[in-house]
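Reader: I've got a sheet region on my screen that I'd like to understand properly. Could you take me through it strand by strand, and then point out a few other spots worth a look?

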Amino acid sequence: MSKVVVIDDEPFILMMIEDKLKKAGIHVVTLRESRDALSVIRREKPDLVILDWMMPEVSGIDICRMVKADAEIKETPVFLLTAKGQDADKQIGLQCGASMYITKPFSPKALLEIVSKVIDGK
Amino acid sequence: MFRNKLIYRLFLILLVFAAASIFPIVFATRREMKELMEGINVLQVREHIFNSLITISFYVFILAFLLSLFFSRKLLLPVRELHRGAMSIRDGKLDVTLSPSSRDELGEVIEVFNEMASSLKGKTKELERKNREIMESRDFLEIIMDSIEDEILIIDRDYRVVRANKAVFEKSHRENTLGGPGFTEGTPSVIGEYCHVISHKMSRPCFLSGDECPVKEVFATGKTSRTIHQHGGIDDEQVVHEILACPIKDAQGNVINVIELLRNVTEVKLYEAALALKNRELTAINSIAAILSHSLDSGATIRNVVKKLAAMLDMDDGGIFIVDKDRKELVCSLTGRRLPLGGNIPSRAVETGTLHTIDNVGEEGKMALPWGPGADIRSCCCIPLKGREGILGSLYLLSCRPRVFSAEEKRILTSVGDMAGIALENTRLYDRINALYEYQRGRRRQEHDSLLSLSSRLASASDIKGAIDVALSLIADSFKADIALLLESDGNNRLILRSILSEYEDPLNLPDNYFGSDSVERQALERKRPVVVPAFSHESGSIRPLPLSESAVSVPISTGEKTLGVFSLYFKSPREFREEDIHFLEITSSILAVAIERSEFYEKMLAEKMLAGIVFESISDGLYTVDTDCVITSVNRAAEMILGIPAADLIGRKCKEVIIHKETGGERMLCGSECPLSSAIRGVTSTKDMDYIDPSGRRISVSVSCAPLINVDGTLIGAVEVFRDITKEKEIDRMKTEFVTTVSHEFRTPLSAIIGMTEMLIEREVDGDRAREYIETIQNEGKRLSDMVSDLLDISRIESGEEIFREGSVDFNEIFDDIKKTFSDIIGKKNIQMETRLAGEARGFRGDHEKVKQLLLNLVSNSINYSDKNCMIDVDIRAEGQTLKMEVADTGWGIPDDDLPLLTRKFFRGKHGLKTKGTGLGLSLCKDIAALHGGTLRVRSRLGRGTIVTVDFPLRKTENLKDNG
């Protein structure tokens, strides 16, 4: 069973993604406190990480960087799911090692398609 | 083998001989022995043997003899051949070849002999050839020696002549033992005679007389020696010989003979002596010529010439007499003494133009000399000084001894006289020219000084009227004029009196139309050149004089074709004007014209410049100019203000040192083609937005326009940059962009809930309680969006000044009620203790009730949302002096220090934002509402302890509210 870790400070985003992915048979681990992100990812060893960018304490970009710098989990694909929709932001996100940059508002259906594709391709 | 060696032949003969003798003996003996055996007695046998032996011996002897003969002949034949050959060589016939008869040792001897003969023949031929060559070279040497015209002697160690050439025999008239040419029979021979007798015609060697003998020297040193000897020739004639003596050495290097070559150089020496004499003459004349040509001071020249001549000719004294103007007397230029022309020796030299000398004067003759009997003069000479137009005087030299003047000295003296005459004439000419030159120079200096003074006065004068007065007085002084006046042409052909200077006390009171067509001034103006009236009384009446004047000069003042006016000088007596006076006046007029025109131009320029300056300083955009090296040349006031740098700190500095041009918002310097100022210096006008970085590092956004500065003559002298400070506009632009970005970002999150969740609801992916939860979230997020929009609208209305301030009394009690009503649910749920206090003085506060209510609702809402259960909220409104203080305090979570300064920023959600919902606009709106009332908002907080928000309003009463609008 595939596993996805979703980190966002908005609970309804977590709820929505969790509902959508669970239905597709994907085990979802959600997290609101971004400061615990790295330890959770290291513990869970998911197939994919979906991160919000703008979070208090530790930003999604920093988490992405940390994941990519960690030898153990650096191969894990990371999606950035953020309200920052400018091209410059997208550039920064992809430079940090994110495999996909998805802007809010988003379609849960489309998200599931991309997630499935990444998990199946793995 | 037997044919090659004699011994083998002899051995062969012996063998034959032995065979011939022994075999018969052996046979005979055997036969006898046989017979003996058969019964013959021994005696018979012996006899038989004996008889046989004799016979055999006889034959053997014969055989031996014949063989000997044969071999002897064989040996004798080659020996004879050798003998014949040797005999013919002895007779000198070397062309002999012997035929070898055998191949034995004798045959070899003959072959060797043949080789010897042939070699001898070759050697003899070589010897003969060499001998012939030696003979030929010896003959050739003899010919060479005899061909040389110089005398050549070969001398041995006894100084005797061993050999001599033809020249020696011819010149000595002695016998030539060799019988060659020059032979004189009966005279003693040259050969064997002492060399000094032959070459020097002297009885004893020259070194005994103290002369150096080259022959002796060569024997002593072994080296070549050269010398010149003078000695008596035939008939006691003095002969000069140039002698060259060279050693002849044997194989060991010992000098065995000396070859002496004597060349007669008598004629050359005589020629050289004549040349030296000529040279001395020339040197004397040259040195005197140098004295004459070097000095233009006639007195010094004459003194030097006399001194030089006296020293050269060994005379005691000398001097010069010059013919006076009337040609009656001679004047001594050194002593001033005068002599009548005629009778005396100096006069004679002057009259005849020839050199006069007295070698030895007697006592009587002394009387005839002009120097008197007192002077003990024994010899003298007087040289005429010839000029181009006759004799100028006479130069004399005196001596107290008798003295004979040689022809050479006389020639020198005559030449010196000619030269001194011309020099004297030249000196006089020079003096005349010099005097003339000094006069002209003095005059030029005077004119120059006048012009200089005039120019400097005109150039330095700021008031042209005053300058013209001064100029006129200078001209009048220079010419000592009684009246000087300057008239200006007004362009309508009328002359207006501009300035007048008069020596007379009474003013002239000339009417305006005084200078009509009959005036000097008008005529000068029409002719466009100076008009001179030396005497009015001599004029035919066509020119009207000025009162009290007798002569006048009038000069037009013009530049190119344009005539500006005229100036005149009047004199009360007749006056002549020289050409240089007129010329001087014309120059003066030109200077005046330039000065007048310049001053007019200057005034015009000044007015234009003033206007340009006013415009320059008045425009609100910054403006500065640079030269072609980008050095700032001027800055206007607006530029000083915008840049915040005084003009003094900008002018004279390179533009890039003080005003750095960078791209808008970036760090890249704008240089080369990107810099509009550089482009303008290259003649290209351009406009660009950029940032200035001033020396303090401050960035100013500007919109820049640059254009080249082009001089009137078309040359590019720099560029001008006009700039407008667009920092504020840029900031507003930036803020707008940032705001839009932030708003769009903040809107995206609630929209995610609405779009995502509705999608899932439509797809029926959730149901039951979960679906309800989704719908509630959609509603909440929708409300949040709506709150954001209304807050944003409120803020934007307040910030843009569009918000209508609904003035009125603020009923805080009503607000408190509304607050309690609004938050009653949550207050109950969280068990919050809320207290409200309103001080009496605050009741009169006037403001916008709705806004104040919104403010307090926001603050209380924050306190409720950012706190746990059972917290306390205290709302206190009181007046302190002229300030109304609203304080909302809580015992909630408190705010981290990092977040405090950012609280009023739009959309800012602090660390606690995670736990609660919000737009991030509440406090920003509160601050704007406070500001709308002229108040301020402050937040104090400690994490974990609580927060106090204080809003200070100026206490508004009805009256001062009106004042503040």
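Which residue stands opposite B:Val331 in strand 8 of chain B?

Author: That would be B:Arg338. Before going on, a word on the ground rules: this is a predicted model, where local features need pLDDT of at least 70 and side-chain atom pairs count only at pLDDT 80 or more, while totals for chains, interfaces and linings use all residues. Residues are numbered from 1 along each chain as its sequence is written, chains are lettered from A and ligands numbered from 1 in the order in which they are written, and side-chain values use heavy atoms, with hydrogens and water left out.

Now your pair. Strand 7 (residues 329-332) and strand 8 (residues 338-340) of chain B pair antiparallel over three bridges. Strands here are DSSP runs of E with at least two residues, helices are runs of H or I with at least four, and both are numbered from the N terminus; two strands pair if DSSP finds at least two bridges between them. The hairpin of strands 7 and 8 of chain B has five residues between the strands, and in it B:Gly336 takes a positive phi near 85°.

Step back along the chain and you meet strand 6 (residues 317-323) of chain B, joined to strand 7 of chain B by three bridges, again antiparallel. Here B:Phe321 has B:Cys332 as its bridge partner in strand 7 of chain B. This hairpin, too, has five residues between the strands, and B:Arg327 in it takes a positive phi near 55°.

Strand 6 of chain B also pairs with strand 11 of chain B, antiparallel, through six bridges. If you want a spot to click on, B:Ile322 has B:Gly393 as its bridge partner in strand 11 of chain B. Strand 11 (residues 390-399) of chain B is mostly covered, with nine of its ten residues buried. Buried means under 20% relative accessible area, exposed means over 50%, and partly exposed is in between (1.4 Å probe, protein chains only).

Strand 11 of chain B pairs with strand 10 (residues 379-387) of chain B as well, by nine antiparallel bridges. A hairpin of two residues connects strands 10 and 11 of chain B, and B:Cys380 is matched with B:Leu398 in strand 11 of chain B.

Now for those other spots. B:Phe567, in strand 16 (residues 562-571) of chain B, counts as buried because its relative accessible area is 1%. Its C-alpha atom is 5.7 Å from that of B:Ser554, although the two are 13 residues apart along the chain.

Some backbone oddities, while you're browsing. B:Cys630 has a positive phi near 65° without being a glycine, and you'll find B:Cys630 in the loop between strand 17 (622-627) and strand 18 (632-635) of chain B. B:Asn870, likewise not a glycine, has a positive phi near 65°; B:Asn870 sits in the loop between helix 22 (849-865) and strand 26 (872-880) of chain B. Over in chain A, the peptide bond from A:Lys104 to A:Pro105 is cis, with omega near -5°. A:Pro105 belongs to the loop between strand 5 (100-103) and helix 5 (108-121) of chain A.

One last stop: B:Leu69 lies in helix 2 (residues 42-90) of chain B, and B:Leu69 counts as partly exposed because its relative accessibility is 48%.
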